[in-house]
Amino acid sequence: MTAVLVSPDERLAETYRSVISACGTLRVALQHGPTPGQGWLRLSELGSGLDALVAAEAARIEAAHGTAPRAHVAGSRLLHHYLWSAGLLFSGPWYLTGELPVLRPEDVWIEIATGDLLVRPSGSAPADEAGLRAAVAAHVEPVLTAFQPIVKRGPRALWGMVTDDLVSGIWYLGRMLGEEAYAVRVAEAVLPGDTAPFPGAADFRRLAGTEGRSHLTRTRLGCCLYYAVQPPDACVTCPRTCDADRVRRLEV
């Protein structure tokens with residue numbers, strides 16, 4: 001029998017491929033070749049290219065929905081997209097293997113035209129829930145600082161978005177793997193509350209449905225402004241969505 005040695009970087013890449021394959025809406029690719037050139041913005045240079053990113057997001061929203069959004073709406077939607085994606089880039093491999101990736105700002109690129117991400121992780125190490133929270137917080141803090149003047153939200157609202165999107169990513173991955181109840185337990189262990197700078201908890205609950213069914217849900221700490229680009233719709237976890245509407249939409 002011939003032993004095949006797999007390097008830690010190869011194992012991490014394979015784990016990322018598993019996460020990306022399971023999460024169909026995660027618009028991320030792994031960077032293996034030369035550094036991407038024109039049309040891509042390195043996350044460490046976000047401040048110099050944020051206006052172009054937001055303008056491109058506004059153009060995508062107008063193309064999809066027929067209405068040009070205000071700058072703070074486009075910025076909020078783009079920030080939500082990044083926070084959700086970045087949360088999964090940390091929590092996805094951790095959820096599957098217990099290993100927390102090292103993902104530096106200089107190793108993340110955003111395609112201006114599409115908002116898609118390209119990442120080059122540089123290793124991983126075992127971590128607990130506190131380690132995951134710390135890594136996510138350190139990664140997104142400069143992103144929040146850059147976006148704050150555009151989205152016009154205070155620190156609590158911004159960190160509320162981070163909380164919502166970290167929880168949402170874990171929940172989504174679990175659903176895609178057919179283990180929603182387990183993913184909810186994991187998310188609640190990651191964010192049990194009183195874990196600054198995250199201002200709230202995962203705080204899941206069950207809704208009684210029809211014919212004896214029940215549904216897991218939670219209410220977001222803040223609004224992702226989806227309703228502002230697709231009125232009168234709102235996310236199923238939006239504070240604007242009542243329980244009766246949630247059940248109706250979950251059972252369609």
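Me: Helices here are DSSP runs of H or I with at least four residues, strands are DSSP runs of E with at least two, and both are numbered from the N terminus. In this predicted model, where is the place of Asp203?

Reply: Asp203 can be placed by the two elements on either side of its loop, one a helix and the other a strand. Helix 6 covers residues 180-190 and strand 7 covers residues 205-208. The place of Asp203 is therefore, by this definition of helices and strands, in the loop between helix 6 and strand 7.

Me: Is Asp203 buried or exposed?

Reply: The cut-offs to apply are under 20% relative accessible area for buried and over 50% for exposed. Asp203 has a relative accessibility of 56%. Because this value is over the 50% limit, Asp203 counts as exposed.

Me: What is phi of Asp203 near?

Reply: Most residues other than glycine have a negative phi. Asp203 is a residue other than glycine, yet its phi is positive. The value for Asp203 is near 55 degrees.

Me: Which loop holds Glu211, the residue that has a positive phi although it is not a glycine?

Reply: Glu211 has a phi of about 55 degrees, and its relative accessible area of 76% makes it exposed. Strand 7 covers residues 205-208, and strand 8 covers residues 214-217. Glu211 lies in the loop between strand 7 and strand 8.

Me: Which two residues does a cis peptide bond join?

Reply: Most peptide bonds are trans. The cis bond in this model has an omega of about 10 degrees, and one of its residues, Pro197, has its place in the loop between helix 6 and strand 7. The residues joined by the cis bond are Ala196 and Pro197.

Me: How far apart are the end C-alpha atoms of helix 2?

Reply: Helix 2 runs over residues 46-65, which gives 20 residues. The expected span is 1.5 Å times one less than the number of residues, and for helix 2 this comes to 28 Å. The distance in the model agrees with that expectation, because the end C-alpha atoms of helix 2 are 27 Å apart.

Me: On which residue is the kink in helix 2 centred?

Reply: Helix 2 has a kink of about 25 degrees, although its end-to-end distance agrees with the expected span. The residue at the centre of the kink is Ala52.

Me: Is Ala55 of helix 2 buried, partly exposed or exposed?

Reply: The buried residues of helix 2 include Leu53, Val54, Ala56 and Glu57. The partly exposed class lies between the 20% and 50% limits, and Ala55 has a relative accessible area of 46%. Because that value falls between the limits, Ala55 is partly exposed.

Me: How many of the 22 residues of helix 5 are buried?

Reply: Helix 5 (155-176) should span 32 Å, and its end C-alpha atoms are 32 Å apart, which agrees. Just after helix 5, Gly178 takes a positive phi of about 75 degrees. Helix 5 is mostly covered, and the number of its residues that are buried is 16.

Me: What volume does the largest pocket have?

Reply: The lining of the largest pocket has 32 residues, and those nearest its centre are Arg77, His80, Trp84, Ser168 and Cys235. By class, this lining has 13 nonpolar, nine polar and ten charged residues. Among the elements that each supply at least two of its residues are helix 2, helix 3 and helix 5. The volume of the largest pocket is about 940 Å³.

Me: From which helix does the largest share of the lining of the largest cavity come?

Reply: The largest cavity has a volume of about 50 Å³, and its lining residues include Leu46, Leu53, Leu78, His81 and Tyr82. The elements that give two or more residues to this lining are helix 2, helix 3 and helix 4. By class, the lining has nine nonpolar, two polar and no charged residues. The largest share, three residues, comes from helix 3.

Me: What volume does the second largest cavity have?

Reply: The structure holds two cavities of 30 Å³ or more. Among the residues that line the second largest cavity are Arg220, Cys223, Cys224, Cys235 and Cys238, and its lining divides into nine nonpolar, one polar and one charged. The volume of the second largest cavity is about 30 Å³.

Methods:
Residues numbered from 1 in each chain as written. Predicted model: local features only at pLDDT ≥ 70, side-chain atom pairs only at ≥ 80, totals over all residues. Heavy atoms only, no water. Bend = angle between axes of the 7 residues up to and from the residue. Buried < 20%, exposed > 50% of the residue type's maximum accessible area, 1.4 Å probe, protein only. 1 Å grid on protein atoms, 1.4 Å probe; cavity = no way out; pocket = protein on both sides within 12 Å on 5 of 7 lines; lining within 4 Å. Points joined across faces, edges and corners; volume = space filled by probe spheres on them. Nonpolar A, V, L, I, M, F, W, Y, C, P; charged D, E, K, R; others polar.
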